[in-house]
Amino acid sequence: MDVDSLLARAMGRRWPWLMEMHLYFFSRRTLAAMLERAGFELVRAETQGRYLRLGYLVTRVGGISPMLGRAMGGVIGGLNLRHVPIALNFGDLFTVYAVKP
């Protein structure tokens, strides 16, 4: 998770990945620096998306804005779309590829 992503900075303490089970948080910059100090050469860093079911997305939106969550839930529930997966990329999940020369 990229603690320095636009979404993480915009959401602040409400960013869903701020969990006690995560002992350390990284940004692309800090992880690249750690890899280089350990003798790795950064090959590529890229954001990746994830799939979320619409029903789950509604619960997350409802945690931020209850009124919007209820409205979305009504529409998605009425159309029976709760289990439909959608691809999203918030830019806060990234993968780094590195090699040790």
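Reader: Where is Asn80 placed, between which helix and which strand?
Author: This is a predicted model, and in it Asn80 sits in the loop between helix 4 and strand 3.

Reader: How do you know that Asn80 is exposed?
Author: Set its value against the cut-off. Exposed means over 50% relative accessible area, and Asn80 has 64%, so the label is exposed.

Reader: What is there to say about phi of Asn80?
Author: Phi of Asn80 is near 55 degrees. That is a positive value, and the residue is something other than glycine.

Reader: Okay, on to Ser27. What makes Ser27 count as buried?
Author: Buried means under 20% relative accessible area. Ser27 comes in at 5%, so Ser27 counts as buried. Its place is in a loop, the one between helix 1 (6-11) and helix 2 (28-37).

Reader: Which residues does Ser27 touch?
Author: Leaving out residues up to four places away in sequence, Ser27 touches Asp2, Val3, Asp4 and Phe94.

Reader: Let's follow Phe94, then. Why does Phe94 count as buried?
Author: Similar reasoning: the cut-off is under 20%, and Phe94 has 11% relative accessibility, so Phe94 counts as buried. You'll find Phe94 in strand 4 (residues 94-99).

Reader: And what does Phe94 touch?
Author: Not counting residues up to four places away in sequence, the partners of Phe94 are Met1, Asp2, Phe26, Ser27, Arg28, Leu31, Glu46, Thr47 and Gln48.

Reader: How far apart in space are the C-alpha atoms of Phe94 and Glu20?
Author: They're separated by 20 Å, with their positions 74 residues apart along the chain.

Reader: Now helix 3. Which residues of helix 3 are buried?
Author: Leu54, Gly55, Leu57, Val58 and Val61.

Reader: What puts those residues on the same side of helix 3?
Author: The arc they cover around the axis is only 155 degrees, so they lie on the same side of helix 3. As background, an α-helix has 3.6 residues a turn, so residues three or four places apart point the same way.

Reader: What do the buried residues of helix 3 pack against?
Author: Their packing partners are strand 2 (50-53), helix 4 (66-78) and strand 3 (85-88).

Reader: Why is Gly62 called partly exposed?
Author: Buried stops under 20% and exposed means over 50%. Gly62 has a relative accessible area of 22%, so Gly62 is partly exposed. This glycine is in helix 3 (residues 54-64). Gly62 and Met72 are ten residues apart in sequence, and their C-alpha atoms are 8.6 Å apart in space.

Reader: And what about Thr59, how do you know that Thr59 is partly exposed?
Author: The relative accessible area of Thr59 is 42%, and partly exposed covers what falls between buried and exposed, so that's the label for Thr59. Thr59 is placed in helix 3 too. From its C-alpha atom to that of Phe26 is 26 Å, for residues 33 apart along the chain.

Reader: Zooming out, what pattern does the chain follow along the sequence?
Author: α-α-β-β-α-α-β-β, which comes to four helices and four strands.

Reader: What makes the chain more spread out than a compact globule?
Author: The globule rule gives 13 Å for 101 residues, but the radius of gyration of the chain is 17 Å, well over that, so the chain is more spread out than a compact globule. Along the principal axes, the C-alpha trace spans about 55 × 25 × 20 Å.

Reader: How much of the chain do buried residues make up?
Author: They make up 20% of the 101 residues. The chain exposes about 7,300 Å², with carbon and sulfur atoms supplying 61% of it.

Reader: Last one: how many positive and negative side chains are there?
Author: There are 13 positive and 7 negative ones, and the centres of the two sets lie 10 Å apart.

Key
Residues numbered from 1 in each chain as written. Predicted model: local features only at pLDDT ≥ 70, side-chain atom pairs only at ≥ 80, totals over all residues. Heavy atoms only, no water. Helix = DSSP H or I, 4+ residues; strand = E, 2+ residues; numbered from the N terminus. Rg over C-alpha atoms; globule rule 2.2 N^0.38 Å. Buried < 20%, exposed > 50% of the residue type's maximum accessible area, 1.4 Å probe, protein only. Areas by Shrake-Rupley, 256 points an atom, 1.4 Å probe, with all protein chains shown as cover. Lys, Arg positive; Asp, Glu negative; His and termini not counted. Charge placed at Lys NZ, Arg CZ, Asp CG, Glu CD. Arc of directions from axis to C-beta. Contact = heavy atoms within 4.5 Å.
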